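Here is a note for a colleague who is meeting this structure for the first time. The points below are meant to be read with the model open alongside.

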Amino acid sequence: MAIQRTFSIIKPDATKRNLTGKIAAKFEEAGLRIVASKRIQLTLAQAQAFYGVHAERPFFGELCEFMISEPIVVQVLEGEDAIAKNREVMGATNPADAADGTIRKEFALSIGENSVHGSDAPETAAEEIAFFFSGLELVG
Ligand code: GDP
């Protein structure tokens with residue numbers, strides 16, 4: 001498997017509880033390299049655009065309000081099979097279903113406030129990286 005890049009968000013529930021470093025350590029321990037990182041505050045319009053694929057879901061409003069409730073940390077992670085590896089380290093969407101040792105098992109509060117986002121496929125990874133980072137911010 002080739003070296004890939006994926007997009008990650010440390011969500012408001014985690015930044016609020018000062019867990020940015022602990023979550024970043026989980027990525028690094030799994031062999032993922034943080035090649036870009038910044039702390040930002042999303043606007044409602046940006047949250048709605050980013051999660052547009054979920055616009056028809058009943059939790060869309062709640063999800064967008066949550067994502068703007070505190071700053072987030074957006075990151076690009078790089079490594080062997082990075083997209084799948086990151087999803088593995090994150091754990092299942094609902095922390096009640098997440099495997100031991102995963103970020104969501106250890107840190108998530110609920111299915112909504114679940115500490116991290118990670119891209120689910122190469123196409124979405126490329127789109128999501130481009131949504132938040134310019135070429136100048138992405139060193140090789
Ligand atoms: P992911 O790829 O594991 O993040 O999961 P999804 O793509 O299915 O959902 C995107 C995000 O929407 C999740 O990470 C949660 O933050 C949120 N979400 C998903 N299902 C629910 C739900 O039933 N209720 C609420 N409040 N949020 C949800």
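1. A place to begin is the surface, bearing in mind that this is a predicted model. N18 has a relative accessibility of 68%, and therefore counts as exposed, the cut-off being over 50%. This residue sits in the loop that connects α1 (12–16) with α2 (20–29), and its phi is positive, near 65 degrees, although N18 is not a glycine. For background, most residues other than glycine have a negative phi.

2. A second residue to look at for its backbone is D81, which is found in the loop between β3 and α5 (82–90). Its phi is near 55 degrees, again a positive value in a residue other than glycine, while its relative accessible area of 29% makes D81 partly exposed. At the other end of the helix, α5 is followed by G91, and the phi of G91 is positive as well, near 90 degrees.

3. Between those two places runs α5 itself, whose buried residues are A82, I83, N86, V89 and M90. Viewed down the axis of α5, these buried residues fall within an arc of 130 degrees, so they line one face of the helix. The elements that cover them include β1, α2, β3, α6 (103–107), β4 and α7.

4. The sheet deserves a careful look next. It is an open sheet of four strands in the order β2-β3-β1-β4, with antiparallel pairing. Its edges are formed by β2 (33–40) and β4 (116–118), each of which pairs on one side only, and from one strand to the next the twist averages 20 degrees. In general, strands of a sheet pair through backbone hydrogen bonds, either parallel or antiparallel.

5. Within the sheet, strand β1 (residues 3–10) and strand β3 (residues 72–80) run antiparallel and are joined by eight bridges; in this pairing, F7 stands opposite V76 in β3. Helix α7 (residues 122–132) packs on the sheet, where it touches β1, β2, β3 and β4, and its direction makes about 55 degrees with that of β1.

6. How buried or exposed is S8, a residue of strand β1? With a relative accessibility of 0%, S8 counts as buried, because the limit for that class is under 20%. Leaving aside residues up to four places away in sequence, S8 touches F27, V73, V74, Q75, L77, N86 and H117; N86 is also one of the buried residues of α5.

7. Which residues have the most contacts inside the largest nonpolar core? That core has 19 residues, and the ones with the most contacts inside it are F7, I9, M67, V74, F132 and F133. Two or more residues each are given to this core by β1, β2, α3 (44–50), α4 (60–67), β3 and α7, and the largest share, five residues, comes from α4. As a general matter, nonpolar side chains in soluble globular proteins tend to be buried together.

8. I9 may serve as an example from this core: not counting residues up to four places away in sequence, I9 touches F50, M67, I72, V73, V74, S115, V116 and H117. Apart from the largest core lies another core, of 14 residues, among which are A14, I23, A82 and V89. A82 and V89 also belong to the buried residues of α5, the helix whose buried residues line one face.

Technical notes. Residues are numbered from 1 along each chain as its sequence is written. This is a predicted model: local features need pLDDT of at least 70, side-chain atom pairs count only at pLDDT 80 or more; totals for chains, interfaces and linings use all residues. Side-chain values use heavy atoms; hydrogens and water are left out. Two strands pair if DSSP finds at least two bridges between them. Axes are lines fitted to C-alpha atoms, for helices over the stretch in contact, and angles run from 0 to 180 degrees between N-to-C directions. Contact means heavy atoms within 4.5 Å. Buried means under 20% relative accessible area, exposed over 50%, partly exposed in between (1.4 Å probe, protein chains only). A nonpolar core is a set of buried Ala, Val, Leu, Ile, Met, Phe, Trp, Tyr and Cys residues joined through side-chain atoms within 4.5 Å. The arc is that of the directions from the helix axis to the C-beta atoms.
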